[in-house]
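The exercises below ask you to work through a structure step by step, with a solution after each task. Please keep the sequence and the coordinates open while you read.

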Number of protein chains: 2
Amino acid sequence: MPYTSPAKINTEQYSPSFITHFENRKNITVYSKARPKVRNILKYHPNQIIAFENDPINYLYEIMAGTVKTYKILNDGRRQITGFYTKGDVIGLPVDGRYFHTIEAITEASICCHSKIQMKRLMDSDPDFTLKIIKSAHDRLRDAHEQMISLGRKTPDERIAAFLLKCQKWATLQIATQNSIISLPMSRMDIADYTGLRQETVCRIFSKFKRAKLITLLRSDQLILNNHRQLLKLANLSEDNSETIPQYH
Amino acid sequence: MPYTSPAKINTEQYSPSFITHFENRKNITVYSKARPKVRNILKYHPNQIIAFENDPINYLYEIMAGTVKTYKILNDGRRQITGFYTKGDVIGLPVDGRYFHTIEAITEASICCHSKIQMKRLMDSDPDFTLKIIKSAHDRLRDAHEQMISLGRKTPDERIAAFLLKCQKWATLQIATQNSIISLPMSRMDIADYTGLRQETVCRIFSKFKRAKLITLLRSDQLILNNHRQLLKLANLSEDNSETIPQYH
DNA sequence: CGCCTGCTTGATGACAATCAAGTTTAGTGG
DNA sequence: CCACTAAACTTGATTGTCATCAAGCAGGCG
């Protein structure tokens, strides 16, 4: 499948062979239950931009494979990453308006683009589907608020601990086998821009955690969590956020 | 109308005499268009808690009057205020789940409680209504992401400038007359917990802005913005977020 | 009037940002 | 296959800024 230029979108037509398992968090295709005849699946490079901040919203993006980030940038270049997204995640809502963040691929990514109009048609016909969209928005909002307390009130150590646990959650959702090796597709800079720190600080905390035997760094982008319990304690996660509440990532 | 204890909810029946003007941002009642026969309007004290974090979601709260805040708390007492809400704002989504923040009244507040079931019934019958809910979620998500870049990447001065402009927006939406006096119903501590600072720092920046003639402090909870343009520049707001994009607060 | 709470200002110190210098890794071409 | 280059990552030294601790100040209410 050819790569797509960021400016121009080539559409390829697919009739998907899979059925939604919305509740099955291991293998998710949120918006596929209604099985539209035609879907557009695109492939993106690392660092390729999928949509720009302030672009009119035309599509909902459903990640089929790979990792994607969303961010906002200030005029002097300061950047805040607002989220990382992996297989099964959906970015956007079928409303009239503009994207409030830029969407960019981190790894090679396959992304299913659902047109806004298509979405709205589906909503009209299927109230269940509509509920799923609202549930999705609710989950995104929960994530955003969790990140707000991280950025506003948590120490650098706590933020990194929370980030690592989030990575673990992504990993276990991506790979069916309970592999303890966690891969970090994003750069140190990305982690810094997500946690509101500098990359040097992120590095130092990684090293500190390594010295404390909390983690093992196999490579700069592969690690193992040795002491899940203590990380959880350190992360100061609000209640059951990480475990009990069902989410689809 | 009697005040309500936080534990037990007294319901009063109202047949509302007003019709929605969803697009009219000055006088908004988002969820009233369908005119349910019976609605529950409650009054809350300052500091009275409307719902606790992790409570099951039973209601959507629509603010009719007053100011309300939502926040999350860590086990050692650190607090992050995730939003302030005024007349016309809606808190919550009709999903199965739990509130991810505590909702508390700042001033005396009249709040219309829409039961989740009622909401879902309305959604089934009125696709327009459903779109409004999704639009509402989208706006909340935009606010949250705007706050994320504030907390993660903006300087204290920029955060306070942005906060003041937000207050002005609330003020102009609340009061029809374009009064230049802005009232701050929330305490310095609240502002600190919203902007990720300490109350002393908030004070110092207020004083600094006062010395720079950017603002005039009439009382500790009343001020005037003297140099809107410079505040806007200082706040580093991402593009048109403050002006052009229609929002309902 | 006096207390209490919330706000303001001052002095000091901790800690993450900054600046800078290595080190490792991945990618390229001979 | 190895040498070379560039980018990403890591570690060190120093500084600036905001949190902290502490002391006044002002307004509201009994």
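**Exercise 1. Work out how chain A and chain B are related, and through which surfaces they meet.**

Solution. In this predicted model, chain A is superposed on chain B by a rotation of 180° with 0.0 Å of shift along its axis, and the RMSD is 0.0 Å. The two copies are therefore related as by a two-fold rotation axis. As a next step, compare the two sides of the contact, to which chain A gives 54 residues and chain B gives 54 residues. Because 100% of the interface residues of chain A are also interface residues in chain B, the copies meet through the same surface.

**Exercise 2. Describe the area buried between chain A and chain B, and the parts of chain A that build its side of the contact.**

Solution. Begin with the area, which is about 4,700 Å² between chain A and chain B, with 68% of it given by carbon and sulfur atoms. Within the share that chain A buries against chain B, Phe100(A), Met148(A) and Arg153(A) supply 18%, more than any other three residues.

Turn next to the polar side of the interface, where 16 residue pairs are in polar contact and the count of salt bridges is 6. One salt bridge joins Asp193(A) to Arg153(B), with the closest N and O atoms 2.9 Å apart.

Finally, assign the touching residues of chain A to elements: β5 (68–73), β6 (79–85), α1 (116–125), α2 (127–153) and α4 (188–195) each supply at least two of them. The largest share, 20 residues, comes from α2(A). Sorted by class, this side of chain A has 21 nonpolar, 14 polar and 19 charged residues.

**Exercise 3. Determine which residues surround DNA strand D, and which parts of the strand they approach.**

Solution. Start from the surroundings of DNA strand D, which consist of 14 residues, the closest being Arg188(A), Cys203(A), Ser207(A), Arg198(B) and Thr201(B). Of the atoms of DNA strand D that come within 4 Å of the protein, 64% belong to sugar and phosphate.

Then separate the contacts by the part of the strand involved. A polar side-chain atom of Arg188(A) lies 2.5 Å from a phosphate oxygen of DNA strand D. At the bases, a polar side-chain atom of Glu200(B) lies 3.2 Å from a base nitrogen, while an N or O atom in the side chain of Arg204(B) is 2.9 Å from a base oxygen.

To finish, place the nearby surface on the fold: α5 (199–211) of chain A and α5 (199–211) of chain B each supply at least two residues, and α5(A) gives the most, with 4 residues. The surface near DNA strand D divides into 3 nonpolar, 5 polar and 6 charged residues.

Methods:
Residues are numbered from 1 along each chain as its sequence is written. Chains are lettered from A and ligands numbered from 1 in the order in which they are written. This is a predicted model: local features need pLDDT of at least 70, side-chain atom pairs count only at pLDDT 80 or more; totals for chains, interfaces and linings use all residues. Side-chain values use heavy atoms; hydrogens and water are left out. Contact means heavy atoms within 4.5 Å. Buried area is the accessible area (1.4 Å probe) that two parts lose on being put together, summed over both. A salt bridge is a side-chain nitrogen of Lys or Arg within 4 Å of a carboxyl oxygen of Asp or Glu. A polar contact is a pair of N or O atoms within 3.5 Å; within protein, one must be able to donate a hydrogen and the other to accept it, and residues adjacent in sequence count only if both atoms are side-chain atoms. Ala, Val, Leu, Ile, Met, Phe, Trp, Tyr, Cys and Pro count as nonpolar, Asp, Glu, Lys and Arg as charged, and the others, Gly among them, as polar. Copies are superposed by least squares on the C-alpha atoms of residues with pLDDT of at least 70 in both. A residue is near a molecule or strand if one of its heavy atoms lies within 4 Å of it.
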